[in-house]
Amino acid sequence: MRILVCIKQVPNQDAKYAINADNNGIIYDDNTAYWINMYDEHAIEAALQIKESIANSSIDILSIGPKRVESAIRRSLEMGADYGYRLVYEGEVTLSPSIKSQMIAEFCEGREYDLIITGVMSEDMMSGQVGPMLAARLDIPSATAVMQFIINTENNSIWLERELDGGLRGSLELKLPVLITVQSGINRPRYPSFSNVMRAKKSEIIEVATSTHLHNLQYERLVDIPEPEVGRQGIKLTGSLSEKAQALWELLHGKSLI
Amino acid sequence: MSNDIMIVCEHKDKEFLPITKELFHCANLLAKHYKSKITLLMPTFVPLEIACPEYDLMVVDSPYLAEYTCEGWEQAALLGVEEVKPDIIIIAHSSTGYDYAPRLAAKLDGSCISSVSAIEIRDDKVFYRRSGLYGKLDLLYDAVKRPLVITVLPGAFPAYEPLGGEGICRNISADIKLKQTSKVEYSLLDIIDTELDYASVVVAAGRGIGKEENLDLIKDLASCFNRSAVAGSRIVCDKGWLPYSSQIGITGKKVSPPLYIACGISGSAQHIAGMKEAKMVVSINWDSEAAIHRYSDISVVEDLVKFIPEFIRKCEKT
Ligand SMILES: Cc1cc2nc3c(=O)[nH]c(=O)nc-3n(C[C@H](O)[C@H](O)[C@H](O)COP(=O)(O)OP(=O)(O)OC[C@H]3O[C@@H](n4cnc5c(N)ncnc54)[C@H](O)[C@@H]3O)c2cc1C
């Protein structure tokens, strides 16, 4: 099995950020911590489990972005993936999923992956588009929010179960090659083992140039970052820890909730 | 640009699903602004006998559309696009919608905006709003390239009941083939009633509790209240700290207790969908910008590991 896992590096949830002068880009503080998108960690784990059960499998990891995304790729190698690729994009403006999917499709050409895995969405932008778009660009089937799957190497297919709304599950079989996006809960991502960490130190992360014409395509364009609507007009408690605890108690007591 | 609109409808037992009616409302807003036409696309197996609504209706029927498959619905939607030639395609951000909508956009090489929560008109131009950055900020988009595919967040728009009317109804027997998909099955997970459904106070733990041992803090907090129950965000259940039957949210339980206390929960749209009907919401989250605070009546911006014991001490004293 030739497996590709596409991962995104995301800023820590409580990272300090600013909005640029044009009000259409988010700039993170220089000492922001970045991680592998949680759902993509599940994608890496899913690939590693296939590699353990199907002989002659190899796992490529791909991420688009500036130099800093190499730490996310490195971490995937430490978990046990084989090769790391960074599709070079130095801009800090988030690319449209349409552009990202075309960059990855370009990379996939001639590489003949049997299975491509990504997370169901990124934690920060939550679009959930790159996976299915990539599959469409490659003209292969896809399934999103996958909770379980079994690969059948004899008839070159994959059986999988998707999580649907309202407690429903849907299962189906697809012919390989296939792209799946995995939902959290599909597995428990492992910690890197010492031997893999040592091995990963020696592996090189390969930089791949992306076609510049893709950088300039226009799809949907971010024009403003407005204040979100407020669901409830609430109050923020003030004072010391003890004063806040007292205030909360009094408010709840006043409403006979405690 | 004519800005004609096509809505891909989800339906069950000859009825539009509630989310589909919300799409009608969203489409009406756009159609009113652009003075454009709305066409409903209904992928189905049995020819439907739905009374002609005020919109044009295009029924695409094929035995392969009896139930949802990505492959089948993508073909049906593409057929619709070929016939209707819409500039804007509206799809629900449901587990079916987010499965095929991005594919459709890629096949049409158009724009795609997912989980749209509002349509905004500024200076006579239309923009699409969605939530981003872990729910902390909203993002406003302009769809430069057409066609545009949007998926609409359930609950974002009120439902609109279409009037009977003059729409043109067409039936297309489509030659749809499933070349890559087989063995399609649907099953319902057992959803069990738990004490969560009857609790007066739900104390919910999020990833912010940091480690499994801190669940004791949450349980101790719950025991300050009568008829209370402990629940969790999806991440807490995924980690195995709580069973899935305690998960609150769009893929878990929906609760509406008199009091909901969110501890270390960020307030993602998927979680909010499960608790927004609570009568009163208290959030304990040290990040003052976390989305949960916007859905709270009382916000406590503190480290929960310090705050909860302090609060419990106050309760014990009185
Ligand atoms: C298709 C789909 C369906 C989903 N369905 C659901 C669902 O049904 N229910 C659900 O909950 N999620 C669901 N999710 C996941 C959802 O998107 C979020 O990832 C999840 O809700 C986040 O959980 P959380 O708030 O516990 O964790 P996080 O988002 O990690 O938030 C943790 C919060 O804790 C705060 N914190 C950390 N430490 C402390 C401390 N010491 N004191 C105080 N605060 C602290 C942080 O500031 C942060 O805001 C779904 C996702 C997808 C893609």
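**Figure 1. Two cavities of 30 Å³ or more turn up in this predicted model.** The largest cavity holds about 90 Å³ of space, and about 40 Å³ lies in the second largest. The next two views take each cavity in turn.

**Figure 2. Inside the largest cavity, 13 residues make up the lining.** Nearest the centre you'll find A:Arg162, A:Leu172, B:Tyr68, B:Thr69 and B:Tyr186. Three elements give two or more residues each to this lining: β9 (142-152) and β11 (168-175) from chain A, plus β12 from chain B. Of these, β11(A) supplies the largest share, with three residues. Sorted by class, the lining residues come out as seven nonpolar, four polar and two charged.

**Figure 3. The second largest cavity is also lined by residues of chains A and B.** Chain A brings A:Pro11, A:Asn12, A:Gln13, A:Ala15, A:Tyr17 and A:Tyr28, while B:Leu133, B:Tyr134 and B:Lys136 come from chain B. Six of the lining residues are nonpolar, two are polar and one is charged.

**Figure 4. B:Tyr186 belongs to a nonpolar surface patch as well as to the lining of the largest cavity.** A:Leu168 and B:Leu188 are its partners in the patch, which covers about 270 Å². B:Tyr186 sits in strand β12 of chain B, residues 181-188. Its relative accessibility is 35%, so B:Tyr186 counts as partly exposed.

**Figure 5. A:Arg162, one of the residues nearest the centre of the largest cavity, pairs with B:Asp99 in a salt bridge.** The N to O distance here is 3.6 Å. Because B:Asp99 is in helix α3 (residues 97-108) of chain B and A:Arg162 is in strand β10 (residues 157-163) of chain A, the pair joins two chains. Both B:Asp99 and A:Arg162 are buried.

**Figure 6. B:Arg122 and A:Asp224 make a salt bridge, with their closest N and O atoms 2.8 Å apart.** This pair joins two chains too, since B:Arg122 lies in strand β7 (residues 111-122) of chain B and A:Asp224 in strand β14 (residues 220-224) of chain A. B:Arg122 is partly exposed at 33% relative accessibility, whereas A:Asp224 is buried, with a relative accessible area of 11%.

**Figure 7. A network of salt bridges links five chain A residues: A:Lys67, A:Glu70, A:Arg86, A:Glu90 and A:Glu207.** Zoom in on A:Glu70 and A:Lys67 and you see a salt bridge whose closest N and O atoms are 3.6 Å apart. With a relative accessible area of 13%, A:Glu70 is buried. For the wider picture, a search of the whole structure turns up 36 salt bridges over all chains.

Technical notes
Residues numbered from 1 in each chain as written. Chains lettered and ligands numbered in written order. Predicted model: local features only at pLDDT ≥ 70, side-chain atom pairs only at ≥ 80, totals over all residues. Heavy atoms only, no water. Patch = residues over 30% accessible without salt bridge, like charges linked within 9 Å, V, L, I, M, F, W, Y side chains within 5 Å. Areas by Shrake-Rupley, 256 points an atom, 1.4 Å probe, with all protein chains shown as cover. Salt bridge = Lys/Arg side-chain N within 4 Å of Asp/Glu carboxyl O. Helix = DSSP H or I, 4+ residues; strand = E, 2+ residues; numbered from the N terminus. Buried < 20%, exposed > 50% of the residue type's maximum accessible area, 1.4 Å probe, protein only. 1 Å grid on protein atoms, 1.4 Å probe; cavity = no way out; pocket = protein on both sides within 12 Å on 5 of 7 lines; lining within 4 Å. Points joined across faces, edges and corners; volume = space filled by probe spheres on them. Nonpolar A, V, L, I, M, F, W, Y, C, P; charged D, E, K, R; others polar.
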